[in-house]
Amino acid sequence: MRILLTNDDGIYAPGLRALRHELQKLGTVTVVAPATEQSAAGHSVTLLNPLLVSEVYEDDGKALIGWAVEGRPADCVKLALLELLPEKPDVIVSGMNAGSNAGINVLYSGTVAAAIEGAFYRHTAIAVSLEYDKKIYDFPTAAGYARRVVEQILATNPAAGSLFNVNIPVLERGPIKGVKVLPQNVSPYTEKFDRRVNPRGRTYFWAGPDFLCPDPRPGTDVEALADSYITVTPLKFDLTDHARLAEMQKQEWELG
């Protein structure tokens, strides 16, 4: 199996390294990932600047891991598929992200965006993220769970362009209870900004570290993740509201 691995935390992120180690049990893994952290980059792409690319090797300097791209996660997947890979991958995996990408985080996430880009090109794509608590991450253990979930997704022979979002709960909270396939939560999150004034008297804001969903909808990814379940959510990138589309197509439109 040929596996393209990318992320939004950067090619040197420990989550990517741990997931690469596990995915090598399934086949050949080639990494094309951002040179620097691109968290919350969403599905942005680089248009007005050149995309510089450099080869990255194992610590011993002998084996090629892949390429570091000075661009966004979606850029990495585009370049990998159109320029860098000698053969098409059988699956694209994005992660493992430091922090969950459940609920509306899906819309901000560079990790998920990279997987979406792969699905655009009709490849099976899987985003993988690890929830955190006080910045504690057990990436090696989580990567083992992720690899087994990836294996089981691929065993179903998903159609070309299939897209999945996998979230692994905080491992320090207790044992994993199982896997649940659930929809994305769309309940509001709470956010705060720290208001400050710089030495020149200009007001500025720091986004607060807490991005919480106090009241997730029952039966969604956020609720199950908090209950120590691994969540799998099939996604699609067609944002059309088809029910409203049908209704609005019956409407008479006038100009002038």
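User: In this predicted model, which residues does L23 touch, not counting residues up to four places away in sequence?
Analyst: L23 lies in helix 1, and at 0% relative accessibility, under the 20% cut-off, it counts as buried. Its C-alpha atom is separated by 8.9 Å from that of V150, a residue 127 places away along the chain. Leaving out residues up to four places away in sequence, the residues that L23 touches are I3, L5, V29, V93 and R147.

User: Is V91 buried or exposed, and by what distance are the C-alpha atoms of V91 and L5 separated?
Analyst: V91 lies in strand 5, and its relative accessibility of 1% means that it counts as buried. Not counting residues up to four places away in sequence, V91 touches M1, R2, I3, L4, T124, I126 and L154. L5 stands 86 residues from V91 along the chain, and the C-alpha atoms of the two are separated by 8.7 Å.

User: How far apart are the end C-alpha atoms of helix 5?
Analyst: Helix 5 covers residues 139-155, which makes 17 residues, and at 1.5 Å a residue these should span 24 Å. The model agrees with that expectation, because the end C-alpha atoms of helix 5 are apart by 24 Å.

User: Which elements are included in what covers the buried residues of helix 5?
Analyst: The buried residues of helix 5 are F139, A142, A143, G144, A146, R147, V149, V150, I153 and L154. What covers these residues includes helix 1 (14-23), strand 5 (91-98), strand 6 (125-130), strand 7 (163-168), strand 8 (178-181) and strand 11 (229-235).

User: Which hand, left or right, does the β-α-β unit of strand 6, helix 5 and strand 7 have?
Analyst: Strand 6 and strand 7 run parallel and are joined by six bridges, with A127 standing opposite N165 in strand 7. Taken together with helix 5, these two strands make a β-α-β unit whose hand is left.

User: Which residues of strand 7 are buried on the side opposite to L163, N165 and N167?
Analyst: In a regular strand the side chains alternate between the two faces of the sheet. Strand 7 is mostly covered, with six of its six residues buried. L163, N165 and N167 are buried on one side, and both faces are covered, the buried residues on the other side being F164, V166 and I168.

User: In what sense does strand 8 pair with strand 11, parallel or antiparallel?
Analyst: Strand 11 is mostly covered, since six of its seven residues are buried. With strand 7 it pairs in the antiparallel sense over five bridges, where V166 stands opposite V232 and N167 stands opposite T231. With strand 8 there are four bridges, G178 having Y229 as its bridge partner in strand 11, and the sense of the strand 8 and strand 11 pairing is parallel.

User: Which elements are included in what covers the buried residues of helix 2?
Analyst: Helix 2 (residues 73-84) is largely enclosed by the rest of the structure, because nine of its 12 residues are buried. Those buried residues are P73, A74, D75, C76, V77, L79, A80, L81 and L84. What covers them includes strand 1 (2-6), strand 2 (28-34), strand 3 (53-57), strand 4 (64-69), strand 5 and helix 4 (110-120).

User: Which element gives the most to the lining of the largest pocket?
Analyst: About 1,200 Å³ of space lies in the largest pocket, and of the 37 residues that line it, S100, N105, Y132, P209 and F211 are the closest to its centre. Strand 5, helix 3 (105-108) and helix 6 (221-226) each supply at least two residues of this lining. The element that gives the most, with three residues, is helix 6.

User: What is the relative accessible area of N157, and what is that of S228?
Analyst: N157, in the loop between helix 5 and strand 7, has a positive phi near 50° although it is a residue other than glycine. S228, in the loop between helix 6 and strand 11, is likewise not a glycine and has a positive phi of about 70°. N157 is exposed, with a relative accessible area of 66%, whereas S228 is buried, with a relative accessible area of 6%.

User: Which peptide bond is cis, with omega near 0°?
Analyst: One residue of this bond, M96, lies in strand 5. The cis peptide bond, with omega near 0°, is the one from G95 to M96.

How values were computed
Residues are numbered from 1 along each chain as its sequence is written. This is a predicted model: local features need pLDDT of at least 70, side-chain atom pairs count only at pLDDT 80 or more; totals for chains, interfaces and linings use all residues. Side-chain values use heavy atoms; hydrogens and water are left out. The expected span of a helix is 1.5 Å times one less than its number of residues. Buried means under 20% relative accessible area, exposed over 50%, partly exposed in between (1.4 Å probe, protein chains only). Contact means heavy atoms within 4.5 Å. Two strands pair if DSSP finds at least two bridges between them. A crossover is right-handed if, with the strands pointing away from the viewer, the path from the first strand over the helix to the second runs clockwise. On a 1 Å grid over the protein atoms alone, a cavity is a set of points where a 1.4 Å probe fits but cannot get out, and a pocket is an open set with protein on both sides within 12 Å along at least five of seven lines; lining residues have an atom within 4 Å of a point. Grid points are joined across faces, edges and corners, and a volume is the space filled by probe spheres set on the points.
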